Structure formats: C-alpha cells, structure tokens
Amino acid sequence: CTGQDAQRASLALVRLNAMRLHRKNRRLEEHVLERTRELEQANRELKRSMELKHRLVSIISHDIVAPLRFIARVARGGARPDAFKDPAELSDTLRDISFSAEKLYANARNTLSWIRSQEGGSELRPMHVALNPLVEEVFDVGRSLAQSKGLRLLNEVSLDDVVRTDRDVLSIILHNLITNAITHTEQGAVRVGGKQDDGIYSITVEDTGHGMCPQALAYIRSLRAGDRAAQGSPDEDVVHGLGYVIIIELVRTLGASLDVDSSPGTGTRVSVRLRIQE
C-alpha cells in the first residue's frame, strides 16, 4: 500500500505541476498577445503621426511659405523710390499682394481646420442640424471679403431643411467650400442650395468664378480615390491648396460623397451628398 500511495502522490504532484505549468504558459501567452496588441496599436499611432507630420510640413511649405515669399518679394520691389511711375502698375501690384494675402489667410484657416479635424480621430457626434442657419453662420465669416469684391452671397437652403449629422464636421466642409468659392470668384455670386431626393440630402455650393481646369478635376478624383501621393501634388494650387484635402477627408468621415462639376470659365458647382438619418 505504501508503494501505491507514494506512486499516487507522485502522479498527483506531476499533474499539479503540469497544471501549474499550463496556467503559467497560458498567462504568458495572454501577456504576449496583450503586448503584441499594444505594440501594433503603438505602431499604428506612430505611422499616423508620421503621416500627419509629413503632410503638415508639405502643407506649410506649399500653402503658407509660398504666398509669404511672394508677398515679401513684391513688397521689397515696391519699396524702391522709383518702383511705380505708372499708377496702373501700382494698382496691379497692390491687387496681387491683396490676392496673395487673402489666399494666405484662407490657407492658414484651412490648416487650422485640418489640424482640428485630426484631433480625437474620427469620432462623430451626430445631431439634428438646421442647415439654413449653419450656412448663414459660414457666410458671416466670408462676408467682408465678398462685399469687397461686390459678390452676392445667396442662401437658398430652405428654413425647414434639417439633417442628422455632425455639425462641426459639416461646418468645416462648408467653410472650406464657401471660402474657396469667394476667394476664386471675382464677380457675380456664391450660391448655396439644398435638395432632398431618395434618401439623400444634397447641399450644393455654386459660384460664378473662373472654374477648374482638367488637371484640377483629375487631382480631386485622385483624392476621392484615396491616392495619398496626390496630396502633395504640385497641381494642388489649381484646386485651392489644402481645401480639398480637408473637404474630401471629412466628407468620407461623414459617410457622404462629393460631386464636382466645373470647367474653365463656367464657375464651379460642388455637392455634398449626405445620407438622411432619422
């Protein structure tokens, strides 16, 4: 009996050690999996941070530094005592400086909007948004520039139109579209309208500006297709710099779509198509 008892005790000890080893291995595997997930998350955040840094440097170089350099060069040339003998030449130079300053202002606001849009990821805060007052709010920001050009700002969105979406994100989109329209329209009007059809609400910004060239439309299509390389393209200038990068990213965040209709000399019409939510 004593030998059998010892054998049983030895066997029980082996089983106990095996169970302990199994639990230890399981805890180790769980720890490894947890650390692996943490490292993968850290790598994703690092990759996103590097992408944002790269794009921000590109944005500042292209959309902030270039207009500043142009303004400085023109102002330096105009500071010479004999720079302007013809009043018309002086007027043209001041107009160039004014346009570049307006572009710089719009680009700076766009940059800030884009940075804010990146903070906190893509978490949405949907609410019921009355669109007519939102358009008026955005118009108020660009009203002084529009008045200086003699442009009419027409809010044709019905007072009854309400959609459920993230108000802040939609506001940034409209701000960029309307600012682009005002900045690149010299006469006529900037018109915003809205229409509901088959579960889709389309809010449209239309201007009477100089329109877009085929290269600009191709650039926008590449952005819509998610071509990251296009976001640093030298053709950005023909589609108002950073604006469409922000617009398309945030339209995608809302689960919406974007249509652009334009050609040289005909103005531009941009529609944001939102799915109607209850």
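**A predicted chain of helices and strands**

E38 is partly exposed, with a relative accessible area of 36%. This residue offers a point of entry into the structure, which is a predicted model. E38 pairs with R35 in a salt bridge whose closest N and O atoms lie 2.5 Å apart. R35 likewise counts as partly exposed, at 39% relative accessibility. Both residues belong to helix 1, which covers residues 2-78; because R35 and E38 are 3 residues apart in this helix, about one helical turn separates them.

The overall architecture can now be set out. The secondary structure of the protein chain amounts to 6 helices and 7 strands. Read from the N terminus, these elements follow the order α-α-β-α-β-β-α-β-β-α-α-β-β. The protein chain has 278 residues, of which 37% count as buried. Among contacts in the protein chain with a separation of 6 or more, 74% are between residues 24 or more positions apart.

Confidence should be kept in view when the model is read. The average pLDDT of the protein chain is 80, and 83% of the residues reach at least 70. Over residues 228-239, however, the pLDDT falls below 50; in the model, this stretch has 29 contacts beyond near neighbours in sequence.

The interior comes next. The largest nonpolar core holds 45 residues, and those touching the most other members are I173, L174, Y244, L258 and V272. Two or more residues of this core come from each of the following elements: helix 3 (131-149), helix 4 (167-183), strand 4 (189-197), strand 5 (200-207), helix 5 (214-224), helix 6 (243-253), strand 6 (257-262) and strand 7 (268-275). Helix 4 makes the greatest contribution to this core, with 9 residues. The surroundings of I173 illustrate the packing: once its neighbours within four places in sequence are set aside, I173 is in contact with I247, L250, V251, L254 and V272.

Helix 3 deserves separate attention. Its 19 residues should span 27 Å at 1.5 Å a residue, and the end C-alpha atoms are 26 Å apart, so the expected and modelled values agree. Helix 3 nevertheless bends by about 55° at G142. G142 is also one of the buried residues of helix 3, which are L131, N132, L134, V135, V138, F139, G142, A146 and K149. Just after helix 3, G150 adopts a positive phi of about 75°.

Charged residues of helix 3 are also involved in pairing. Side chains of opposite charge can pair when their charged atoms come close. A network of salt bridges links E136, D140 and R143. E136 is found in helix 3 and counts as partly exposed, at 30% relative accessibility. Apart from neighbours within four places in sequence, E136 is in contact with R143 and N155. E136 and N155 are separated by 19 residues in sequence, and their C-alpha atoms are 7.1 Å apart in space.

A search of the whole structure finds 9 salt bridges, and two further examples connect separate elements. In one, E137 pairs with R167, with the closest N and O atoms 3.0 Å apart. This pair links distant parts of the chain, since E137 lies in helix 3 and R167 in helix 4, 30 residues apart. E137 is partly exposed, with a relative accessible area of 38%, and R167 counts as partly exposed at 25% relative accessibility.

The other example involves strands. The side chains of E206 and R269 meet in a salt bridge at 3.0 Å, N to O. Here too distant parts of the chain are linked: E206 is in strand 5 and R269 in strand 7, with their positions 63 residues apart in sequence. Both are partly exposed, with E206 at 29% relative accessibility and R269 at a relative accessible area of 36%.

A last feature lies before strand 5. D198 is found in the loop between strand 4 and strand 5. D198 has a positive phi of about 55° although it is not a glycine. With a relative accessible area of 75%, D198 is exposed, whereas I173, as a member of the nonpolar core, is buried.

Note on methods:
Residues are numbered from 1 along each chain as its sequence is written. Side-chain values use heavy atoms; hydrogens and water are left out. pLDDT is the predictor's confidence in each residue, from 0 to 100. Contact means heavy atoms within 4.5 Å. A nonpolar core is a set of buried Ala, Val, Leu, Ile, Met, Phe, Trp, Tyr and Cys residues joined through side-chain atoms within 4.5 Å. Buried means under 20% relative accessible area, exposed over 50%, partly exposed in between (1.4 Å probe, protein chains only). Helices (H or I, at least four residues) and strands (E, at least two) are DSSP runs, numbered from the N terminus. The expected span of a helix is 1.5 Å times one less than its number of residues. The bend at a residue is the angle between axes fitted to the seven residues ending there and the seven starting there. A salt bridge is a side-chain nitrogen of Lys or Arg within 4 Å of a carboxyl oxygen of Asp or Glu.
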